[in-house]
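Colleague: I should like to go through this model with you, one feature at a time. Please reason briefly in each reply and finish on the name or value requested.

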Amino acid sequence: MSIFGKFAALTDRYDRLREVGADPFAVKFDDIVSSVEGVVDGKRTLLFGTNNYLGLTFDEAAKERSIDAIRRHGTGTTGSRIANGSYKGHQELERELADFYGHKHCMVFSTGYQANLGMISTLVGKDDHLFLDADSHASIYDGSRLGHAPVVRFRHNNPDDLAKRLKRLSDQPGDKLIVVEGIYSMLGDTAPLKEFVDVKREFGAYLMVDEAHSMGVLGRHGRGLAEREGVEDDVDFVVGTFSKSLASVGGFCVSSLDGFEILRLASRPYMFTASLPPAIVSSTLSALRTLRAEPQRRDKLTANSQRFYAGLRNAGFHVGPECSPIVAVIIDQPEIAVAFWKRLLEEGMYLNLALPPATPNSSAFLRSSVSAAHSDEHIDFAVALMTRIGREFGLLPAENNVCPFPAAAVSAERLGATAAIARALPPAVGAGAGMA
């Protein structure tokens, strides 16, 4: 029997998904022509699923710095910083990130995933306790698995439940680390960070905030949710990524705690991974400087997010609980969500599709990420297109209260094949929806 035999059921479900002609896991772009436009199957496509919040992927200064770095320093480092040493750019980037956040220390990782993996697996050990929000990102869960600390999950965005679980272990020795996120990547909701800080103080725990989706988005200076809520001094560790607002790849952790630098010799995902190549470091530095120098990008992002969120909500869609650059349309029937996603792509709009079991409450999401590079016309086109398709599928009242495609008809005529798609999708890895 093949070593891949253990995946037979998954292979069968995936094969059936591809047979019906809609594969959300294999979208191929013929070209990317701007921060918000690509080409799919020869069709110009508006990008609403890229997390390119500040629109910096085509920033001229970042591109030129990256090209210059390749010419001067080559294409890669070919090893870890522990083995091959640090380049000047690595240290420069860490200094500027620490300065940006007002912290003493910074470690840069090769991906945002590895930043969570490296920090969480290293900070707490078998004699400590790790407290995770139930809806935490897969990288946070995987970091907990790589480490040896007992894991306690608390209900999503529920400080009272966290306090209850900390109280149960208040007599246990060892350190206690709480991990929450600034903006959660599925629904775009933010953590009640002030309340979590109060719980942290009460029980003498440490607090880590993953600001992956909130860096460059929230706060007067773009430092994230902790800045917006005025609790930066109470957050012990800030983890983030370069792959969203900074438009490249990589991750980091900043902190002001004494002794932080020993983590460079303790964190295996830091020690045993090749360091970021000069081109990536240079473009990231450029993007960070642009983030700091051009707050108008954040203002435009906020305005775009509000325009898109309000447009979809006013059309009658069930959207996430609060406005952020992540705007999720919640659809109770996964088969309709799949058909909706496919129609949007066919008509020139790309966004993300999220299906159970990766989502809370067995719902499906059409997940968009708004960019500062979107124009008002882009936003209005997307709202109009989604509204039209929503009416066709019976999700919204049709104009003049006459729906040309009643929900029953859509289910019968359009969704017979796509119902199989939702059933065929593989389960999420590290999904945290719900509480055990």
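Colleague: Which residues lie on the two faces of strand 14, and are they buried or exposed?

Modeller: The model is a predicted one. On one face of strand 14 are Ala364, Leu366 and Ser368, and on the other are Phe365, Arg367 and Ser369. Strand 14 spans residues 364–369, and 6 of its 6 residues are buried. Both faces are therefore covered, since a residue under 20% relative accessible area counts as buried, and the state of the residues on either side of strand 14 is buried.

Colleague: How many bridges join strand 11 to strand 14, and which residue of strand 14 is the bridge partner of Ile326?

Modeller: Strand 11 covers residues 326–331 and runs antiparallel to strand 14, with 6 bridges joining them. Within this pairing, the partner of Ile326 is Ser369.

Colleague: Which residue in strand 14 stands opposite Ala354?

Modeller: Strand 13, residues 352–354, is also joined to strand 14, in the antiparallel sense and by 3 bridges. Opposite Ala354 in strand 14 stands Phe365.

Colleague: Which residues touch the most other members of the largest nonpolar core, and which helix gives the largest share of this core?

Modeller: The largest nonpolar core has 86 residues, and those touching the most other members are Phe308, Leu366 and Met386. With 8 residues, the largest share of this core comes from residues 334–346, that is, helix 13.

Colleague: Which residues is Met386 in contact with, leaving aside its neighbours within four places in sequence?

Modeller: The contacts of Met386 include Phe308 and Leu366, which are named with Met386 as touching the most other members of the core. In general, nonpolar side chains of soluble globular proteins tend to be buried together. Beyond its sequence neighbours within four places, Met386 is in contact with Phe308, Leu312, Phe317, Val329, Phe340, Leu344, Met349, Leu351 and Leu366.

Colleague: In what order do the strands of the open sheet lie, and which are the edge strands?

Modeller: The open sheet is formed by 4 strands in the order 1-2-3-12, with mixed pairing. An edge strand here pairs on one side only, and this applies to strand 1 (31–34) and strand 12 (349–350).

Colleague: In what sense do strand 3 and strand 12 pair, and which residue of strand 12 stands opposite Leu46?

Modeller: Strand 3, residues 43–47, pairs with strand 12 over 2 bridges, in the parallel sense. The residue of strand 12 opposite Leu46 is Met349.

Colleague: How many residues apart are Arg297 and Asp59?

Modeller: The side chains of Arg297 and Asp59 meet in a salt bridge, at 3.7 Å from N to O. Arg297 belongs to helix 12 (residues 295–315), whereas Asp59 is in the loop between strand 3 and helix 2 (60–73). Asp59 counts as buried because its relative accessible area is 15%. The pair links distant parts of the chain, the separation in residues being 238.

Colleague: Where do Asp161 and Lys164 lie?

Modeller: Asp161 and Lys164 form a salt bridge whose closest N and O atoms are 3.4 Å apart. Asp161 is buried at 5% relative accessibility, while Lys164 is partly exposed at 40%. The two are 3 residues apart, about one turn of the helix, and both lie in helix 7.

Colleague: Why does the pair of Asp236 and Lys200 tie together parts that are apart in sequence, and how many residues apart are they?

Modeller: Asp236 forms a salt bridge with Lys200, with 3.2 Å between the closest N and O atoms. Asp236 lies in the loop between helix 9 (225–229) and strand 9 (237–241) and Lys200 in helix 8, so the separation of the parts tied together, in residues, is 36.

Colleague: Is Thr190 buried or exposed?

Modeller: Thr190 lies in the loop between strand 7 (176–181) and helix 8 (193–203). Its contacts beyond four places in sequence include Asn157, Leu218, Arg228 and Glu322. Because its relative accessibility is 10%, Thr190 counts as buried.

Colleague: Which residues make the nonpolar surface patch of about 430 Å²?

Modeller: One of its members, Phe4, is in the segment before helix 1 (8–19). Phe4 counts as exposed because its relative accessibility is 59%. The patch is made by Ile3, Phe4, Phe7 and Leu10.

Methods:
Residues are numbered from 1 along each chain as its sequence is written. This is a predicted model: local features need pLDDT of at least 70, side-chain atom pairs count only at pLDDT 80 or more; totals for chains, interfaces and linings use all residues. Side-chain values use heavy atoms; hydrogens and water are left out. Patches are made of residues with over 30% relative accessible area and no salt bridge: like charges are joined within 9 Å, nonpolar side chains (Val, Leu, Ile, Met, Phe, Trp, Tyr) within 5 Å. Accessible areas come from the Shrake-Rupley method with a 1.4 Å probe; for residues, only the protein chains shown count as cover. A salt bridge is a side-chain nitrogen of Lys or Arg within 4 Å of a carboxyl oxygen of Asp or Glu. Buried means under 20% relative accessible area, exposed over 50%, partly exposed in between (1.4 Å probe, protein chains only). A nonpolar core is a set of buried Ala, Val, Leu, Ile, Met, Phe, Trp, Tyr and Cys residues joined through side-chain atoms within 4.5 Å. Contact means heavy atoms within 4.5 Å. Two strands pair if DSSP finds at least two bridges between them.
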